[in-house]
Protein chains: 2
Amino acid sequence: MKKVYFDNAATTPLDPQVREAMLPYLGELFGNPSSLHDWGDMARQSVDDAREQVAGLIGAQAEEIIFTGSGTESNNFALKGLALAQQAKGKHIIISEIEHFSVLHSARTLEKWGFDVTLIPVDRYGVVDPQDVHKSIRKDTILVSIMHANGEVGTLEPIKEISRITLEHNIIFHTDAVATVGNIPVNVKELGVDALSLAGNQFYGPKGVGALWVRKGVRIIPLLDGGIQEGGRRAGTENVPAIVGLGKAAELAAGDIPAKMTKFAHLRDRLLRELPARIDRSVVTGHPQGRLPGNASFCIEFIEGESMLMMLNMKGVAVSSGSACTSKALKASHVLIAMGISHEVAQGSLLFTFGKDNTDEDIDYVLEVLPPIVDRLRQMSPLYSKFVKASKGGS
Amino acid sequence: MKKVYFDNAATTPLDPQVREAMLPYLGELFGNPSSLHDWGDMARQSVDDAREQVAGLIGAQAEEIIFTGSGTESNNFALKGLALAQQAKGKHIIISEIEHFSVLHSARTLEKWGFDVTLIPVDRYGVVDPQDVHKSIRKDTILVSIMHANGEVGTLEPIKEISRITLEHNIIFHTDAVATVGNIPVNVKELGVDALSLAGNQFYGPKGVGALWVRKGVRIIPLLDGGIQEGGRRAGTENVPAIVGLGKAAELAAGDIPAKMTKFAHLRDRLLRELPARIDRSVVTGHPQGRLPGNASFCIEFIEGESMLMMLNMKGVAVSSGSACTSKALKASHVLIAMGISHEVAQGSLLFTFGKDNTDEDIDYVLEVLPPIVDRLRQMSPLYSKFVKASKGGS
């Protein structure tokens, strides 16, 4: 059976070159970078090299990169660490309604710790209005965190416009760039932010590693207390093989981005155009233009997303109905709800995220197998029967 | 040149069988365990299997295991997560003076959050007196955290005796077992604790992965907020290759422990006996009997540990002068200071931690190369000259 992996937002595979780069560190080069001997020196040098590679990908300086264990840890670290470091100035934080749960739930934890959180709404395309950020700023606002792009609907956020506002008000601005780094050009100076999260498994790097970039001079309180690794900002023995892999993935991404963007945008645009043409009562979610090249997201009415996923899986197709981090929670996506989509329609969420191996034939295949699946599922849906009857009655 | 690695507490190498077990997950089996398709299912199954393997090693149930990114994260999670979960009952915490910095500094963070921390002293061998724990208990004591063994001096702590006390007072008891799990038999039921930290790179498993065991029914607040991974207790895409590696390492350790203990104890006892016989003014640190088989630690007077490490490294020998997590901080070890060793003497700390590849010839080699190094360094030491003069004057 044909196998098509359209779930690269959940995780990309490891690039074979990244794997090659990692292998020595799963063998002879096993030292702890903090150790004062040759084994340690070799590990330390590799971590330093990876730091340069990651910094290079986002236009940062190496010493501004803090390696973490995941995008989730980077976001927790940013929200909690920046808020705690700034709390003498105030306790008000601004985030958007469509942040990843690692940002949203960190903000909720901060509320328990006495912080006040304002959630900025988004429009029907999932876009934050910078003026809403502006209007929400108070004298005690110390931190704004708005994602660079939403991984579930692909929508890009106006980070530069928001950073002009935060800069003017001297407020720290963090962006969760897990969905963008390695996939589209990201430059921390151009964005004008103070802190930025990224994750290896979003661009052919390993799982179990992420990074938080924090602009030099910006204070942050550690999330993981202990040893003096990462300049005293993130304790724990460095995950050397994964860090080396993240560095290699960053180096490769720097070269691959333009070709990936062109290819993904082509696949995306085909799917955004052709899927709704083949399946009635299906709508594109997210911004029609201002979106990630690798993301095509839909809601298919009168369908429960999970059944659709399972039937597509039986045809060899891997997709998702939103963030993998919440897939088993089986709730309607908070992102779609924030965009004004009803709970019923949000249930039929279907997310395609592209990878380097995807081809036009993959798109052809899913366009062939999906419509009969939707038909079959709708035949079992009481809501759909009602709708059909009502439509006929009305005609 | 001969190469001898005596720094297994900093990190063990990866067992080739562990590496073999991990490789497929750096290749075809790259799925995200939260994804609802075959790629996800395979990853999820592997994580579940690893959970069984880790639980098996410590006599726990699989669902009580929470995978983390390191021993440091496990300790941060335990201290902060258990304290925050219990804070309605009280805000007093008891730890020992010789805990790893990930416990000590987490406790300091808790102090900033309004908790009160009592530090229990240790005797000259680094042993906590259970009666000191008993006497420190207050009505508002909610958490005790005492390590199972100290990685710097090898001393084993009387965990069973302490757990009788905490059980009687209905206080949650966490133990940092990073130095023991996989190296000596550890059974959570026998120890009588409520939570236990472990790390993969202490027993031939990978870096970047640890676990926290939390007894069923004990509440803990997440350290990493976000998705619903690990039963909602630790967010972030699972580091599947590392988790699989940790599982395999746990399985192998279960079989290897008796032979490792016999072998390591032999090497340790040779070194504990022969090194002081060859180097005057050198003392064994830690408990003479109640210590990890794989640990031989010393203080060599009139020597600065770092110079000794570097000269040993030039002879191909990797050792440490304490915890790798603090090696670059160049302060006297808080563990040795707590044991009543003076700052001057603690500077000459020298730690050998054994691995499966070490042999009697390695011990012979270090016993041959170390004394001349010590002699040379002492010749450069003004303190040693004074001491020699004083000794002669006194004779």
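**Notebook: charged side chains**

I started with A:K331, which counts as exposed at 72% relative accessibility. That clears the cut-off, since exposed means over 50% relative accessible area. I then checked where A:K331 sits: it is in the loop between β11 (317-318) and α11 (334-338) of chain A. A note to self before going on: this is a predicted model.

Next I looked up the company A:K331 keeps. A:K331 gathers with A:R108, A:K112 and B:R219 in a patch of positive charge on the surface. I noted that this patch takes in residues of chain A and chain B.

**Salt bridges**

How many salt bridges does the structure hold over all chains? I got 42. Side chains of opposite charge can pair when their charged atoms come close. I picked out a few pairs to follow up.

**Pair one.** I looked at A:R234 and found its side chain in a salt bridge with that of A:E73, at 2.8 Å from N to O. A:R234 is in the loop between α8 (229-232) and α9 (240-278) of chain A, while A:E73 is in helix α3 (residues 71-86), so the pair ties together parts that lie 161 residues apart in sequence. Are these two buried or exposed? A:R234 counts as buried at 8% relative accessibility, and A:E73 counts as buried too, at 1%. I checked both against the cut-off, where buried means under 20%.

**Pair two.** I moved on to A:R270, which forms a salt bridge with A:D360; their closest N and O atoms are 2.8 Å apart. A:R270 belongs to helix α9 and A:D360 to helix α13 (residues 360-379), both of chain A, so this pair ties together parts 90 residues apart in sequence. On burial, I have A:R270 as buried at 10% relative accessibility, whereas A:D360 is partly exposed with a relative accessible area of 28%.

**Pair three.** Over in chain B, I found B:K2 in a salt bridge with B:D362, with 3.0 Å between the closest N and O atoms. This pair links distant parts of the chain: B:K2 is in the segment before β1 (4-5), B:D362 is in helix α13 (residues 360-379), and 360 residues separate them. I put B:K2 down as partly exposed, at 33% relative accessible area, and B:D362 as buried, at 7%.

**Network.** Last, I asked which residues are joined into one network by salt bridges that share partners. I wrote down A:R270, A:R273, A:E274, A:D360 and A:D364. I recognised A:R270 and A:D360 there from pair two.

Key: Residues are numbered from 1 along each chain as its sequence is written. Chains are lettered from A and ligands numbered from 1 in the order in which they are written. This is a predicted model: local features need pLDDT of at least 70, side-chain atom pairs count only at pLDDT 80 or more; totals for chains, interfaces and linings use all residues. Side-chain values use heavy atoms; hydrogens and water are left out. A salt bridge is a side-chain nitrogen of Lys or Arg within 4 Å of a carboxyl oxygen of Asp or Glu. Helices (H or I, at least four residues) and strands (E, at least two) are DSSP runs, numbered from the N terminus. Buried means under 20% relative accessible area, exposed over 50%, partly exposed in between (1.4 Å probe, protein chains only). Patches are made of residues with over 30% relative accessible area and no salt bridge: like charges are joined within 9 Å, nonpolar side chains (Val, Leu, Ile, Met, Phe, Trp, Tyr) within 5 Å. Accessible areas come from the Shrake-Rupley method with a 1.4 Å probe; for residues, only the protein chains shown count as cover. Lys and Arg count as positive and Asp and Glu as negative; His and the chain ends are not counted. The place of a charge is taken as NZ of Lys, CZ of Arg, CG of Asp or CD of Glu.
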